[in-house]
Amino acid sequence: ARNISKKEIDLVPLDAEEQHIAHALRNVVSDFHGDFGKAMISSGFRLKYINLATRIVLVRARHGGPDKIVSSSLPFLTKINKESVVCRLLYTGATIRHCMKVLLKRQKKKLIEATKQPKFLGQSQEQLEKCFLETRQFGKHF
């Protein structure tokens with residue numbers, strides 16, 4: 001187990017693939033909301049963006065119920081592939097495009113913070129930008 005302070009940025013990649021994250025989130029929804037919750041999120045639930053280095057995931061869920069079920073279940077997602085995680089809801093938006101804008105703005109802010117930390121001083125700006133600003137997007141339905 002790693003002990004990371006709130007100010008310290010951890011770039012150790014999450015050891016998981018998109019299907020592991022999707023299945024873990026579906027299982028948590030099922031545990032806390034039962035078959036009703038699982039059925040509510042079954043249509044329209046997708047991972048749209050993932051950055052394993054910064055551990056950011058953008059989840060798409062339908063508006064008007066399924067989004068609330070997913071967001072209420074996030075704090076209870078504590079393990080993905082036997083790796084401990086702490087889930088936080090950063091933003092809820094109406095469109096993927098606007099969520100991506102907010103996400104990119106946040107990642108740029110974190111990049112600036114990382115360049116000031118002593119443990120990242122030896123890395124080039126290009127390496128840090130690659131970690132923080134990677135935009136691997138998905139459209140698969142899990």
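These notebook entries record what I looked up in a predicted model of a protein chain.

**Entry 1. Overall layout**

I began with the secondary structure. The protein chain has four helices and four strands. Followed along the sequence, these elements give the pattern α-β-β-α-β-β-α-α. I then looked up burial and found that 34% of the 142 residues of the protein chain count as buried. For contacts between residues at least 6 apart in sequence, I noted that 68% join residues at least 24 apart.

**Entry 2. Packing of H1 and H2**

How do H1 and H2 pack, and at what angle? I found an angle of about 165 degrees, with the axes 9 Å apart. H1 is therefore roughly antiparallel to H2, since angles over 145 degrees count as such. The crossing in which H1 passes H2 is right-handed. I listed the residues that make this contact. H1 contributes Leu-25, Val-28, Val-29, His-33, Phe-36, Gly-37, Met-40 and Ile-41. From H2 come Pro-66, Ile-69, Val-70, Ser-72 and Ser-73.

**Entry 3. The aromatic pair**

I searched for paired aromatic rings and recorded one pair in the structure. The ring centres of Phe-32 and Phe-76 are 4.2 Å apart and the planes stand at 25 degrees, so I entered the pair as stacked; the cut-off for stacking is under 30 degrees. Which parts of the chain does the pair tie together? Phe-32 belongs to helix H1 (residues 18-42), whereas Phe-76 sits in the loop between helix H2 (66-73) and strand S3 (79-80). The two parts that the pair ties together are therefore 44 residues apart in sequence. I also checked accessibility for both rings. Phe-32 is partly exposed at 47% relative accessibility, and Phe-76 is partly exposed at 44%.

**Entry 4. Salt bridges**

I searched the whole structure for salt bridges and obtained three.

I took up the pair of Glu-83 and Arg-55, whose side chains meet with an N to O distance of 2.9 Å. This salt bridge links distant parts of the chain, 28 residues apart. Glu-83 is in strand S4 (residues 83-84), and Arg-55 is in the loop between strand S1 (46-51) and strand S2 (56-60). Are the two partners buried or partly exposed? Glu-83 has 16% relative accessibility and counts as buried, because the limit for burial is under 20%. Arg-55, with a relative accessible area of 26%, is partly exposed.

I next examined Lys-68 and Asp-67, whose side chains form a salt bridge at 3.8 Å, N to O. The relative accessible area of Asp-67 is 17%, so I entered Asp-67 as buried.

I then turned to Lys-110 and Glu-113, whose closest N and O atoms are 3.6 Å apart in a salt bridge. How are the two residues placed in helix H3? Lys-110 and Glu-113 are three residues apart in helix H3 (residues 96-115), so about one helical turn separates them. I noted Lys-110 as partly exposed at 24% relative accessibility. Glu-113 is likewise partly exposed, with a relative accessible area of 30%.

**Entry 5. Cross-references**

I returned to H1 to collect its entries. Helix H1 carries Phe-32 of the stacked pair, and its neighbour in sequence, His-33, is among the H1 residues in contact with H2. For the long-range links, I marked the Phe-32 and Phe-76 pair, which ties together parts 44 residues apart, and the salt bridge of Glu-83 with Arg-55, 28 residues apart.

Key. Residues numbered from 1 in each chain as written. Predicted model: local features only at pLDDT ≥ 70, side-chain atom pairs only at ≥ 80, totals over all residues. Heavy atoms only, no water. Salt bridge = Lys/Arg side-chain N within 4 Å of Asp/Glu carboxyl O. Buried < 20%, exposed > 50% of the residue type's maximum accessible area, 1.4 Å probe, protein only. Phe/Tyr/Trp six-rings, centres within 6.5 Å; stacked < 30°, edge-to-face > 60°. Axes fitted to C-alpha atoms, helices over the stretch in contact; angles between N-to-C directions. Parallel < 35°, antiparallel > 145°, perpendicular 65-115°, else oblique. Left-handed = near helix turned anticlockwise from the far one by under 90°. Contact = heavy atoms within 4.5 Å.
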